[in-house]
Amino acid sequence: MRTAVFPGSFDPITLGHEDIVKRALPMFDQLIVAVGENANKNYRFPLEQRIAWLRACFKDEPKIKVDAYSGLTVNYCLEQNAQFILRGLRNPADFEFEKAVAQTNRKLTAQVETVFLLTASGLSSISSSIVRDVLRNGGDYTKFVPKAVRLP
Ligand code: ADP
């Protein structure tokens, strides 16, 4: 079984994340969208909220599992018997950062390969941090996130 882990903060999930997940799906038997918990990061939304949104987004897709983990992503992959890490690339800054992370992960664990999908044109400017800025300033965040992401 081909299993990939799509790790991220998803604070919150955006249309960019959703697009990467949908396009990657045909390549794998199972895709685990995994919220990584990093003690040094300050998140805008609590873990439970981020997970609930992810579950709502992908509720009709049986190949997708939503989970949370802490610690090294490669260790989580080994635990889950996942052979692949999925990441999205938006721009050269993403590339440089992702290259370093992927090469480090390969040194840690040769069994886990990182695969990248390029962002869809039109979605490359969307990031969770910009969505948080829009939200903070009362803008219409619904343009940038899946329908399942709604604030009361
Ligand atoms: P992290 O904190 O690990 O960067 P994110 O939730 O910000 O977590 O991102 C998770 C993954 O989704 C990363 O690979 C990131 O490059 C990708 N991603 C984020 N936004 C987009 C987008 N608009 N288009 C394509 N990929 C994206």
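**Ligand site and strands**

Modeller: The loop between strand 1 and helix 1 is where Phe-10 is found. The model is predicted.

Biologist: What makes the phi of Phe-10 worth noting?

Modeller: The phi of Phe-10 is positive, about 50°, although Phe-10 is not a glycine. Pro-12 lies in the loop between strand 1 and helix 1 as well.

Biologist: Why is the peptide bond that joins Asp-11 and Pro-12 called cis?

Modeller: Its omega is about 0°, and the bond is listed as cis.

Biologist: What makes the contact of Ser-9 with the ligand a polar contact?

Modeller: A polar side-chain atom of Ser-9 and an oxygen atom of the ligand are 2.7 Å apart. The cut-off for a pair of N or O atoms is 3.5 Å, so this pair counts.

Biologist: How do you know that His-17 and Arg-87 make polar contacts with the ligand?

Modeller: For His-17, a side-chain N or O atom is 3.1 Å from an oxygen atom of the ligand. For Arg-87, the distance from a side-chain N or O atom to a ligand oxygen is 3.1 Å. Each value is within 3.5 Å, so both pairs are polar contacts. The ligand on its own has 550 Å² of accessible area, and the protein covers 88% of it.

Biologist: Where does the ligand sit, and which residues are closest?

Modeller: The ligand sits in the largest pocket. It is surrounded by 17 residues, and Ser-9, Lys-41, Gly-88, Leu-123 and Ile-126 are the closest. By type, the shell holds six nonpolar, six polar and five charged residues.

Biologist: Which helices and strands each supply at least two residues of the shell?

Modeller: They are strand 1 (3-8), helix 1 (15-24), strand 4 (84-89) and helix 4 (92-108).

Biologist: How do you know that strand 1 and strand 4 pair?

Modeller: Two bridges link strand 1 and strand 4 in the parallel sense. At least two bridges are needed, so the strands pair. Ala-4 stands opposite Phe-84 of strand 4.

Biologist: What makes strand 4 and strand 5 a pair?

Modeller: Strand 4 and strand 5 (residues 113-118) run parallel and are joined by six bridges. The requirement is at least two, so these strands pair. Arg-87 has Phe-116 in strand 5 as its bridge partner.

How values were computed:
Residues are numbered from 1 along each chain as its sequence is written. This is a predicted model: local features need pLDDT of at least 70, side-chain atom pairs count only at pLDDT 80 or more; totals for chains, interfaces and linings use all residues. Side-chain values use heavy atoms; hydrogens and water are left out. A residue is near a molecule or strand if one of its heavy atoms lies within 4 Å of it. A polar contact is a pair of N or O atoms within 3.5 Å; within protein, one must be able to donate a hydrogen and the other to accept it, and residues adjacent in sequence count only if both atoms are side-chain atoms. Accessible areas come from the Shrake-Rupley method with a 1.4 Å probe; for residues, only the protein chains shown count as cover. On a 1 Å grid over the protein atoms alone, a cavity is a set of points where a 1.4 Å probe fits but cannot get out, and a pocket is an open set with protein on both sides within 12 Å along at least five of seven lines; lining residues have an atom within 4 Å of a point. A molecule sits in a cavity or pocket if more than half of its atoms lie within 2 Å of its grid points. Helices (H or I, at least four residues) and strands (E, at least two) are DSSP runs, numbered from the N terminus. Ala, Val, Leu, Ile, Met, Phe, Trp, Tyr, Cys and Pro count as nonpolar, Asp, Glu, Lys and Arg as charged, and the others, Gly among them, as polar.
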